[in-house]
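User: Please take a close look at one part of this assembly, the interface of two of its chains, and set out how it is built.

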Number of protein chains: 4
Amino acid sequence: MSGKISFASDYAEGAHPAIIANLERTNFLKTAGYGTDEFSESARRKIRAACAAPDAEIYFLVGGTQTNAVVIGAMLKSYEGVIAADSGHVSLHEAGAIELGGHKVLTLPNRAGKITAEDVAAFADNFHADGNRDHMVAPGMVYISQPTEYGTLYTLDELKALRGVCTNKNLRLYVDGARLAYGLAASDNDVTLADLAELSDAFYIGGTKCGAYFGETVVLRKGLIPHFFTIIKQRGALLAKGRILGVQFDTLFTDDLYLKIGRRAIEAASRIRAELKALGYELFLDAPTNQIFVVLNDAQLAALAERVEFSFWEKLSADRTVIRLATSWATADADVDKLLDELRRLR
Amino acid sequence: MSGKISFASDYAEGAHPAIIANLERTNFLKTAGYGTDEFSESARRKIRAACAAPDAEIYFLVGGTQTNAVVIGAMLKSYEGVIAADSGHVSLHEAGAIELGGHKVLTLPNRAGKITAEDVAAFADNFHADGNRDHMVAPGMVYISQPTEYGTLYTLDELKALRGVCTNKNLRLYVDGARLAYGLAASDNDVTLADLAELSDAFYIGGTKCGAYFGETVVLRKGLIPHFFTIIKQRGALLAKGRILGVQFDTLFTDDLYLKIGRRAIEAASRIRAELKALGYELFLDAPTNQIFVVLNDAQLAALAERVEFSFWEKLSADRTVIRLATSWATADADVDKLLDELRRLR
Amino acid sequence: MSGKISFASDYAEGAHPAIIANLERTNFLKTAGYGTDEFSESARRKIRAACAAPDAEIYFLVGGTQTNAVVIGAMLKSYEGVIAADSGHVSLHEAGAIELGGHKVLTLPNRAGKITAEDVAAFADNFHADGNRDHMVAPGMVYISQPTEYGTLYTLDELKALRGVCTNKNLRLYVDGARLAYGLAASDNDVTLADLAELSDAFYIGGTKCGAYFGETVVLRKGLIPHFFTIIKQRGALLAKGRILGVQFDTLFTDDLYLKIGRRAIEAASRIRAELKALGYELFLDAPTNQIFVVLNDAQLAALAERVEFSFWEKLSADRTVIRLATSWATADADVDKLLDELRRLR
Amino acid sequence: MSGKISFASDYAEGAHPAIIANLERTNFLKTAGYGTDEFSESARRKIRAACAAPDAEIYFLVGGTQTNAVVIGAMLKSYEGVIAADSGHVSLHEAGAIELGGHKVLTLPNRAGKITAEDVAAFADNFHADGNRDHMVAPGMVYISQPTEYGTLYTLDELKALRGVCTNKNLRLYVDGARLAYGLAASDNDVTLADLAELSDAFYIGGTKCGAYFGETVVLRKGLIPHFFTIIKQRGALLAKGRILGVQFDTLFTDDLYLKIGRRAIEAASRIRAELKALGYELFLDAPTNQIFVVLNDAQLAALAERVEFSFWEKLSADRTVIRLATSWATADADVDKLLDELRRLR
């Protein structure tokens with residue numbers, strides 16, 4: 001509310017109007033608590049269908065860090081750790097939530113935000129070959145994000161390769177889908193919800209950054225975590241009025257709203273990316289989703305900051321800085337127009 | 001949505017219409033995340049004013065169990081436990097969230113849901129007199145709920161006495177206000193928000209059961225928990241779109257809405273209670289807030305269950321059962337009328 | 001080293017001379033670490049034989065609180081708690097070690113230090129019948145001590161009944177044998193090591209209070225806790241020079257030394273107990289092992305304290321105090337003589 | 001006990017004969033438990049004197065991983081992590097004990113086992129400059145080992161530089177001295193016990209690898225960790241018969257035994273190192289303490305393994321392997337002679 005146009009994040013607004021409408025419409029119906037209501041049940045049915053996973057267990061949690069901490073904590077045995085990219089959200093930006101739960105994050109160097117099946121296999125092999133392995137943290141699962149924190153995407157082949165390694169090395173595979181709508185809608189994406197449900201042991205469908213007020217849906221292989229309801233409660237992650245999550249996800253999975261939300265953001269991002277390239281700006285990396293990482297010089301940086309909100313990402317060298325521009329389901333075409341004007345002006 | 005009228009809980013509906021309106025009105029304004037937005041700031045100002053506590057720190061969390069676990073975990077040193085009534089929410093119905101955080105709940109027998117300053121003092125004295133105290137869990141704080149899980153209220157004198165004991169015994173005092181609106185509005189209540197802010201080290205103002213979609217506001221003595229923001233994040237309790245909490249509590253603390261919400265529930269409960277007494281029903285205990293505990297015989301129980309949803313509480317004897325009827329800000333007068341008709345019919 | 005004779009505890013001296021001799025004899029032999037040495041292997045074989053449990057897993061840990069915390073933490077699922085007597089060591093005198101590991105101790109009222117199969121069954125039944133059970137800590141195991149903290153013993157029938165309840169209610173059964181030698185040697189004991197191995201899921205054979213410098217041996221049902229070695233390491237409970245534990249327990253289980261150690265303490269305790277009864281002293285309870293709980297008046301208390309070290313236990317009333325006298329494998333006959341003289345004098 | 005001579009580790013034997021003698025001599029004296037005995041008090045006085053730290057708090061724990069977990073867990077606030085070399089014992093070989101306690105190990109690349117003040121300062125500066133720092137694990141302390149896991153030593157200047165950074169960046173400094181005797185005795189060492197006591201907030205004096213049956217002594221800045229006794233108990237690290245630790249460390253700090261123990265190992269290591277150099281073997285790094293890291297080709301490796309026990313360290317390339325030879329206080333001159341013969345033969 002600074003007067004500037006903002007591309008600072010994808011959680012800057014409230015909820016999609018269809019969600020607001022459904023929450024209001026159902027407001028005075030009385031339901032049972034804790035996700036046992038009919039809206040939550042309806043959302044579960046629709047999500048199972050969208051994932052082609054009729055047996056999957058579906059749980060609604062509140063936020064991303066919480067979901068990662070609860071699922072990872074419940075999946076790991078006490079002596080196990082989770083393999084993740086060093087750029088992963090669980091590695092860097094969750095204030096030690098995984099460690100608070102008692103587990104080590106075993107980091108691999110990221111390759112444009114991703115980790116490879118080869119690196120995971122080598123890590124597991126090294127562990128098992130180490131004579132001191134019984135004095136070390138055993139790798140128990142793999143965490144990836146789709147899209148990654150750098151906006152990149154795993155291909156279906158890469159995902160299958162990771163699944164193969166996980167199966168061979170007795171690791172579970174978990175996918176953080178905080179921005180999943182923007183991955184599903186990317187033009188060169190070939191990984192569907194059904195692929196994720198088939199290939200991972202658990203993944204979550206992000207709501208907070210993809211049209212909801214808040215909320216993340218965990219899709220869990222049936223029977224994998226007994227008493228997961230109580231585990232969620234014990235970790236303070238069980239919403240009393242579970243219906244609020246149920247109505248939101250029921251709306252998102254009605255009439256393909258979740259995919260439509262993704263597409264809007266991708267269209268806006270694609271326009272920006274195309275113009276940046278046409279204007280000769282340097283992209284830090286070429287990611288196909290709703291986050292754009294551009295390199296600016298100091299003059300551009302200062303000038304852009306007067307009119308546009310964005311995220312500082314990292315300092316590359318004395319005069320070069322990476323910034324992030326994020327679009328979302330709520331990005332207005334007029335704001336994109338203004339941004340492009342600025343970018344042209346600064347060139 | 002069973003066709004029956006429902007007095008099963010005080011979190012059966014969505015949010016107060018004023019909250020819905022304000023969320024919709026502000027929906028497309030872009031704000032920063034994590035509670036640093038202007039709606040959250042506005043709510044903080046209003047709550048500080050309502051509490052006559054200009055220096056208090058104000059944090060918005062999502063749910064009650066979460067709030068208890070985060071505040072208690074942050075307040076206690078590793079070797080300390082929390083004193084609570086054996087009927088307290090933290091003692092019984094949080095699936096071990098306090099213990100998951102590493103702390104013992106040191107239970108005292110409840111007296112109509114409350115604990116006394118005398119019992120707390122005796123517990124602390126016994127601990128300090130015990131030659132084995134260095135091998136025992138030290139009492140570090142006191143947890144009470146206002147209203148209690150039985151709907152009863154601490155008087156101002158009782159609260160002052162607890163504060164005195166806590167000061168003398170070097171204990172912190174924390175108040176769970178999940179249903180605080182219904183306590184503030186009770187006719188014989190003499191404990192204000194300002195009293196709670198003055199006498200406790202932290203308390204929370206319940207939103208989930210008092211008109212919000214969800215949310216609890218922690219009012220914390222300034223400086224008591226350094227880096228509490230990061231602690232909230234680490235425990236998965238930081239809402240990315242903090243504005244959703246900010247708008248809700250800003251609304252609840254505008255034009256005394258929080259108190260009005262409380263009053264509606266109390267009026268409904270008072271009508272029910274008066275009629276129960278007039279009809280000669282046995283009240284399990286005489287609590288002044290929005291929860292009514294009635295003793296029914298088996299015939300009454302079966303008959304009422306056909307028309308009304310309520311909570312089973314406990315079996316008193318072969319033929320006598322305690323049930324709970326709960327009213328809320330959303331209880332319709334027509335539903336109270338129907339309930340009273342039923343109660344008359346069963347007498 | 002006060003000049004007084006001491007019956008203050010059963011860990012007041014060093015180790016049995018046979019242990020000292022064997023440690024010295026083997027001192028310069030080089031072995032592998034962490035309990036993989038031949039002394040530890042030999043001790044394991046002898047203990048399996050003594051327990052008639054050829055498949056049992058045997059682990060050597062350092063101390064009692066540590067052993068309880070490691071075994072209980074490894075046996076419980078995250079959402080489970082451990083049932084124990086309110087007088088149990090884990091309930092009272094381990095400074096919250098179980099809770100630090102994330103688990104609630106679910107206390108039952110003790111009956112002379114013991115809990116009954118009926119009380120355990122009722123607790124489990126109440127839990128499973130409670131509509132809120134998914135919001136509560138599930139009972140996952142039962143902790144008992146043999147002998148108990150009050151020196152009493154479970155009979156074989158009582159132990160079988162507990163085993164039956166545990167099997168029926170899907171609870172694991174764990175026995176703390178910190179003073180097991182003194183239980184095995186008691187005249188009216190009918191529970192053998194083989195019974196413990198058969199009826200419990202895990203138990204430990206106490207060394208610290210029964211002739212060793214330190215050390216406790218866990219006897220664990222095969223396969224019950226995968227990767228228990230790493231769990232022990234992770235909890236800081238793995239002794240680098242595991243041989244020191246191995247040599248000690250190898251000695252204790254050679255030529256029935258463990259039983260002989262128990263018998264010496266029981267003989268001393270029996271002499272004291274018989275004389276106390278003959279002199280008309282009031283026993284607080286009549287326990288058959290190495291701890292004697294006597295009620296003294298203030299004059300007796302003061303007079304005895306001038307010549308004898310003992311443990312204050314609890315104040316019964318204005319003028320009556322319970323003290324504990326403990327014997328051990330190292331109790332000298334001459335000291336018993338002196339104690340009896342004092343007791344006669346004060347009568 | 002394989003018939004081979006062994007340089008596999010420095011904890012392959014029992015205890016120094018002087019310790020055995022003192023344990024035996026004091027065996028039947030009765031003392032209070034938990035380190036409150038007179039032997040422990042005497043050891044504390046001598047250690048304070050050796051450290052020129054009359055106010056230091058002295059605690060005796062059982063093992064190294066345990067000591068690291070207890071001290072680090074007690075020193076850190078819940079949202080803090082510990083900076084350590086990626087080769088540090090806490091980073092690699094404690095099975096996740098630090099994470100089990102809720103804390104992240106923040107690794108820096110090791111430089112011959114050490115970390116530099118510059119790297120620590122840069123890490124802290126980057127953290128404080130990061131706009132997301134409140135969502136990240138805050139560095140709270142620095143862990144180093146002296147000698148390191150590679151046998152190298154911090155110089156006094158390096159230690160002072162680390163202290164300076166820690167003071168400037170509000171970090172505590174903790175030194176793991178598992179092999180401290182061998183550092184103190186190294187010919188080019190210039191860091192004394194008094195330096196460690198002055199410059200660190202806590203350090204531990206290793207007993208297990210330096211002549212004791214077991215045991216590590218924590219030297220702690222006065223008042224830094226309130227209720228540390230109870231914290232030790234809660235973590236299962238309090239030895240009931242604390243005297244066993246007291247007698248051992250009292251012995252080690254009588255007549256400079258601890259330094260003499262260090263010197264014996266250093267003399268043996270120096271002989272081996274000199275001969276390796278003279279023979280033209282490649283040292284992996286040139287560390288001055290009791291661990292020697294040599295590069296062997298496959299033929300040498302196989303031949304040596306037939307006569308000598310050693311530790312495999314890492315594979316450098318197809319035909320080159322690093323092994324570790326460790327000496328200790330108990331290394332026999334005759335065994336060194338035999339080893340040197342072998343090394344000459346294989347050249």
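Analyst: The account below treats the interface of chain A and chain B, followed by a helix of chain C and the relation of two copies. The model is a predicted one.

Chain A and chain B each bring 47 residues to their contact. The area buried between chain A and chain B is about 4300 Å², and carbon and sulfur atoms give 61% of that area. The polar part of the interface can be described as well. Between chain A and chain B, 26 residue pairs are in polar contact, both residues of a pair being at pLDDT 80 or more. Two salt bridges are found across this interface. In a salt bridge between these chains, the side chain of Lys30(B) meets that of Glu13(A), at 2.5 Å from N to O.

On the side of chain A that touches chain B, two or more residues come from each of helices H1 (17-25), H2 (38-50), H3 (64-75), H5 (97-100), H10 (228-234) and H11 (243-252) of chain A. H1(A) provides the largest share of that side, with four residues.

In chain C, helix H1 (residues 17-25) has Ile19(C), Ile20(C) and Leu23(C) buried. Viewed down the axis of H1(C), the buried residues lie within an arc of 100°, so they line one face of the helix. The cover over the buried residues of H1(C) includes helix H11 (243-252) of chain C and helix H1 (17-25) of chain D.

As for the copies, chain B is superposed on chain D by a rotation of 180° with 0.0 Å of shift along its axis, at an RMSD of 0.0 Å. This is the relation of a two-fold axis. The same surface serves both copies, as 100% of the contact residues of chain B recur in chain D.

Conventions. Residues are numbered from 1 along each chain as its sequence is written. Chains are lettered from A and ligands numbered from 1 in the order in which they are written. This is a predicted model: local features need pLDDT of at least 70, side-chain atom pairs count only at pLDDT 80 or more; totals for chains, interfaces and linings use all residues. Side-chain values use heavy atoms; hydrogens and water are left out. Buried means under 20% relative accessible area, exposed over 50%, partly exposed in between (1.4 Å probe, protein chains only). The arc is that of the directions from the helix axis to the C-beta atoms. Contact means heavy atoms within 4.5 Å. Copies are superposed by least squares on the C-alpha atoms of residues with pLDDT of at least 70 in both. Buried area is the accessible area (1.4 Å probe) that two parts lose on being put together, summed over both. A salt bridge is a side-chain nitrogen of Lys or Arg within 4 Å of a carboxyl oxygen of Asp or Glu. A polar contact is a pair of N or O atoms within 3.5 Å; within protein, one must be able to donate a hydrogen and the other to accept it, and residues adjacent in sequence count only if both atoms are side-chain atoms.
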